[in-house]
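Please look over the model below, with its sequence alongside. The report that follows goes through it one element at a time.

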Amino acid sequence: MVTEMATLAGGCFWCLEAVYEQVRGVEKVVNGYTGGATVDPTYYEVCGGNTGHAEAVQLTYDPDVVSYRQLVELFFTMHDPTTLNRQGPDTGTQYRSAVYFHDQEQRTIAEEVIADFTQRRVWRDPIVTEVQPLDVFYDAEDYHQQYFRNNPWAGYCQVIIAPKVAKLRKEHLEALKA
């Protein structure tokens, strides 16, 4: 099996991780940081807002099962791409909406999806998602990996993440793993 990678930032990485772990064709989801200047930043440095990094997920997926376009379209329905540096209660540049492309084809697809969602007025407000080349992706600390799966009863998980997972199950049933 040949796999490809996608890197997306849409607020807290725990939310995107919980969604993409359930998507058919996604083989691996890693939480981490990208888009900043600090080498190998820590969670506390990123949360301080001074590293320039965004919390992101890096997906390893099977393109014979799920396309990059499908992953990006799902991304634009599972978070609010119209709020600058904010997702729900999480605020700061580390929570920005961004697509970090690995090659020009990914860049083109991301820009086409944004144009399509804009033309169809999927969101009332303008999409502010950045489309940037991936430079370096740093894995987040171990305790951030599989966070929702390991902490389903934590308050943040129940109030913020669980509704996103429920939305995925309700609106994107065809995308789920068996």
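## Helix α1

The buried residues of α1 are Phe13, Trp14, Cys15, Leu16, Glu17, Ala18, Val19 and Tyr20. That is 8 of the 8 residues of α1, so the helix is largely enclosed by the rest of the structure. The model is a predicted one.

Helix α1 spans residues 13-20 and lies across β1, β2 and β3. Its direction is at about 170° to that of β2.

## The sheet

Six strands form an open sheet: 6 strands in the order β7-β6-β1-β3-β2-β8, with mixed pairing. Strands β7 and β8 (137-139) are the edges, and each pairs on one side only. Neighbouring strands are turned by 35° against each other on average, direction ignored. Strands of a sheet pair through backbone hydrogen bonds, either parallel or antiparallel.

Two pairings involve β3. With β2 (residues 26-34), β3 pairs in the antiparallel sense over 8 bridges. Tyr33 stands opposite Glu55 of β3, and Val29 stands opposite Leu59 of β3. With β1, the pairing is also antiparallel, over 5 bridges. Here Thr7 has Gln58 of β3 as its bridge partner.

## Strand β3 and Val57

How many residues of β3 are buried? The strand is mostly covered, with 8 of its 8 residues buried. Both faces are covered. Ala54, Ala56, Gln58 and Thr60 are buried on one side. Glu55, Val57, Leu59 and Tyr61 are buried on the other.

Val57 sits in β3. Its relative accessibility is 0%, so Val57 counts as buried. Beyond its neighbours within four places in sequence, Val57 is in contact with Ala6, Thr7, Leu8, Phe13, Leu16, Glu17, Val29, Val30, Asn31 and Phe137. Phe13, Leu16 and Glu17 are among the buried residues of α1. Val57 and Thr34 are 23 residues apart along the chain, and their C-alpha atoms are separated by 9.2 Å.

## Helix α4

Helix α4 covers residues 104-119, 16 residues in length. From first C-alpha to last, α4 reaches 22 Å, close to the 22 Å expected at 1.5 Å a residue. At the start of α4, a side-chain oxygen of Asp103 reaches to within 3.2 Å of the backbone nitrogen of Glu105.

Which residues of α4 are buried? They are Gln106, Ile109, Ala110, Val113, Ile114 and Phe117. These buried residues cover an arc of only 135° around the axis, which puts them on the same side of α4. An α-helix has 3.6 residues a turn, so residues three or four places apart point the same way. On the other side of α4, Gln104, Glu105 and Gln119 are exposed. What covers the buried residues of α4 includes β1 (4-10), β3 (54-61), α3 (68-78), β6 (97-101) and β7 (130-133).

## Gln94

Gln94 is placed in the loop between β5 (90-91) and β6. Is this loop residue buried or exposed, at 4% relative accessibility? Gln94 counts as buried, because buried means under 20% relative accessible area.

A polar atom of the Gln94 side chain lies 3.3 Å from the backbone oxygen of Cys47. Leaving aside neighbours within four places in sequence, Gln94 is in contact with Val46, Cys47, Gly49, His53, Ala54 and Glu55. Ala54 and Glu55 are buried residues of β3, on opposite faces of that strand.

## Positive phi values

Most residues other than glycine have a negative phi, and most peptide bonds are trans. Two residues with positive phi deserve a look. Asp40 has a phi near 45°, a positive value in a residue other than glycine. Asp40 lies in the loop between β2 and α2 (43-47). Asp40 is exposed, with a relative accessible area of 52%.

Arg121 is not a glycine either, yet has a positive phi of about 55°. Arg121 comes just after α4, in the loop between α4 and β7. With a relative accessible area of 70%, Arg121 is exposed.

Key:
Residues numbered from 1 in each chain as written. Predicted model: local features only at pLDDT ≥ 70, side-chain atom pairs only at ≥ 80, totals over all residues. Heavy atoms only, no water. Helix = DSSP H or I, 4+ residues; strand = E, 2+ residues; numbered from the N terminus. Expected span 1.5 Å × (residues − 1). Buried < 20%, exposed > 50% of the residue type's maximum accessible area, 1.4 Å probe, protein only. Arc of directions from axis to C-beta. Contact = heavy atoms within 4.5 Å. Polar contact = N/O pair within 3.5 Å; in protein donor to acceptor, adjacent residues only side chain to side chain. Pairing = 2+ DSSP bridges. Axes fitted to C-alpha atoms, helices over the stretch in contact; angles between N-to-C directions.
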